[in-house]
Amino acid sequence: MPFACIFVPNFPVEALLRAEPELRTQPLAVLEGKAPLQKVLAVNENARRAGIDPGMTKLQIEACTGLVLRARSLPQEAAAHAALLDCAQSFSPRVEDAACDTIVLDLAGLQPLFGPLPKIALALARRASDLGLKASVAVAGNPDTAALAARGFSGVTVILEGTEAEQLGSLPVEVLFENSTQKSSQLLETFSRWGIRKLRDLAALPDVALSERLGQDGVYLQKLARGITSRTLVPVEPLLVFEEVIELEYPLVLLEPLAFLLGRLLEQLCARLESRALATQELRLCLELDNGGTGVLARPSGAQARQSFQRTLRLPVPLLDSRTFLKLLQLDLKAHPPGAPIVEIHLAAEPVRPRAAQHGLFLPPEPEPEKLELTLARIAGIVGEDKVGSLALLDTHRHEGFRMQRFAPETFSPQRHRGTEEINHKRAMDSSAPEPALSVAGGCLGGDDLVTALRIFRPPVDIAVTMQDGRPAHINYPKNKAMQGEILWAAGPWRSSGDWWEQQGWARDEWDIAVQGETVIALYRLVRDRLYGKWFLEGTYD
Amino acid sequence: MSSLPLVSSAAPGRFIPVAASARSMLVLERLSAIPKLAGVAPAARLYVRPAPQMVSSGVREIDALTGGFPRGCLTEICGPASSGRTSVLLAALGAATRRREVCALVDISDAFNPHSAAAAGVNFEKMLWVRCGTRLQKSGSPQRHRDTEKKNEKIEKPVEQALRVIDLLLQSGGFGLVIIDLGDTPVKMARRVPLASWFRFQRAVEHTATVLFVISQVPCAQTCASLLLKVSGKKLSAVSSQLSAKTPAHAQRLHGLQIQGELLRSRLERKPAGSVTSAFVTKV
């Protein structure tokens, strides 16, 4: 039964490089500990060549020119580990979380799906690279051998069954010990005294003699060196949490560099979602702000120095396009700036199943959801968020009884359409059924059915009204000559009231009036607010 | 030279190339052999723009008058207040949403009445309503400074907003009907909309299934409008019939508008302006 292991060497460095890939060509050292006792935790290959080794103090390495120093970031390591799990889960459901930098997965039954084992190993390495992690991948007949090979050999390694001892033989014995403990250092010292440098040497030792001197630990290590261990994989079921973090060295003030970082986070998130065949319908952005500066949201002294700024982007349909997300976030942040320098960025996506839509050849055109979302966000930036959308009528007689809501045109479903056709067919068959007011073919209204529209004045036009014999006779509005003059005709009043049981009750008398304008007769709806005794023009019939 | 025409006007306004006779073909071959005329296509082989697809305007009388509204073209309806422009607008909106098309209304003076629209049968789920209005535009940055904040503020007028919004909507594509409501915009301001903008809009909808529909007090889009219709209140029936009557106000009600439509320009039909009119009545 084949197993694969994905191992990320220098994991703390790779986790940081994932967020800042431009540092990959420079010497980089990751520091751990509190200042001034910081020590090097991990270095990349360039730094190693420059003579920097883990365990050195910050003081020792500061003399090295061109060396980039970064503090260890546990949230970024957690995100990188989650990405590694996603990479493995995209191939096999049986995945073991061996260590933060090591994932073992069962490849049984995957060959008909993904091809031969070398191809699977290459695909794993490529997928990890897509997720921003430079990983070593090894495939072997048992999990421990795969893990040893991944730790020992860089790149992609395939160990054929029966050749484990031969292929692992060239590896140094240090590869057997994941973590440096006291016991491991004692064993390494013993091996060193015996002159055993390679796994080949350990594998060649007699079993009984090794057992007498080192006990069961020695036997287990020898089995590892020979590649003949056998154990059951412990699969994990990781939670579907898609969150990426960047801790910034310096506070960020402008939106442009922030967009650059957000773009990178979004690409990583989208790559992770894509590896799981998922999309997202909700993005949550959390910015940790530094209020020690001159930001207007700075807290008074004594309060906590950091404050978080959160924005949630909800989408009407599941999407998976990092460019669209970035533009939407940019527009949202432009409309709602954080108000203080940013020191940390958290971006999370709520995973959902991707949208599956089947478009028909004869269906009416519809805007693409991605484009429509961007367009709506841009329009909201021009006219305001509350001024764009579709509307929903409220169950009230109150004037302006509607609310604005998010515009999300319902997608056309063939079943629904078929249902409508069936209803129409039934209507046609049933002669007793009343004829629909609208003709189905053209959707055309006859002249008699045409509705007289009312154009609303927002805000209403306050006017002075002169009454005569209980009806309005003259209106006066000095600001607009078209809205003043003698009332030629009036109908009303139509009295209505409501919500009297609440604070915002209303009561009004409505009149329909005709006023002689300069050239034409204009029809208005005249309203008298009975609670406040005010007259105003609500709109014009057009 | 042959006296045979290379095109024939079989249908009014639609020029269809006819098959050239053998003699004219010979002439064409000779002409194309002249070095100076190499690469010049004869008129008979020029691309003939196909007639646009027409959709129902939602009003039977207007459909009979114009054949409906052309897709991929700009249609303009102008008329004074209380002339019935908005009633036609709502009818068009209702017809489009009944065809399950996604529509957009750019409401420059924020005058749209949802209750009238509901009565006209508009499906609000298919309608995007953009309400323009005077607004302060700010350029955002994470750190707000009071000094720079004022400098970055810019007052944007509704018409300017509308022009930007229409650009975005037309670029987005996929809308069956995009309506620009300039009905309450003062004539001076409406005429200040640059002709270049109208050309841009017309080019944006060309070769698409979008009907771009404008209502205004006076013609604004000028030559960009493929169809220009003028509506006017023929007479206010409810008013005129009862003006002289001495009935009390509470015994009267507004029955509707009598609207007269006049075709001012149609690139599709090539009918002379004012030659065709139609009248219809609305109800309250």
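**Exposure and backbone geometry in a predicted model**

Q: Why is B:His207 called exposed in this predicted model?
A: B:His207 has 10 C-beta neighbours inside 10 Å, and a residue counts as exposed if 12 or fewer other C-beta atoms lie within 10 Å of its own, so B:His207 is classed as exposed.

Q: What makes the backbone of B:His207 notable, and where does this residue lie?
A: Although B:His207 is not a glycine, its phi is positive, at about 65 degrees, whereas most residues other than glycine have a negative phi. B:His207 is placed in the loop of chain B between helix H8 (195–205) and strand S11 (211–216).

Q: Why does A:Asp469 count as exposed?
A: The count for A:Asp469 is 7 C-beta neighbours inside 10 Å; since the cut-off for exposed is 12 or fewer, A:Asp469 counts as exposed. A:Asp469, which is not a glycine, also has a positive phi of about 55 degrees, and it lies in the chain A loop between strand S16 (464–468) and strand S17 (471–476).

Q: What is the omega of the peptide bond from A:Ala35 to A:Pro36, and where does A:Pro36 lie?
A: This bond from A:Ala35 to A:Pro36 is cis, with omega near 5 degrees, although most peptide bonds are trans. A:Pro36 sits in the loop between strand S2 (28–32) and strand S3 (39–43) of chain A.

Q: Which kind of peptide bond joins A:Arg458 and A:Pro459, and in which strand does A:Pro459 lie?
A: A:Arg458 and A:Pro459 are joined by a cis peptide bond, for which omega is about 0 degrees, and A:Pro459 belongs to strand S15 (residues 454–462) of chain A.

How values were computed: Residues are numbered from 1 along each chain as its sequence is written. Chains are lettered from A and ligands numbered from 1 in the order in which they are written. This is a predicted model: local features need pLDDT of at least 70, side-chain atom pairs count only at pLDDT 80 or more; totals for chains, interfaces and linings use all residues. Helices (H or I, at least four residues) and strands (E, at least two) are DSSP runs, numbered from the N terminus. A residue is buried if 20 or more other C-beta atoms lie within 10 Å of its own, exposed if 12 or fewer, and partly exposed in between; C-beta atoms are placed from the backbone.
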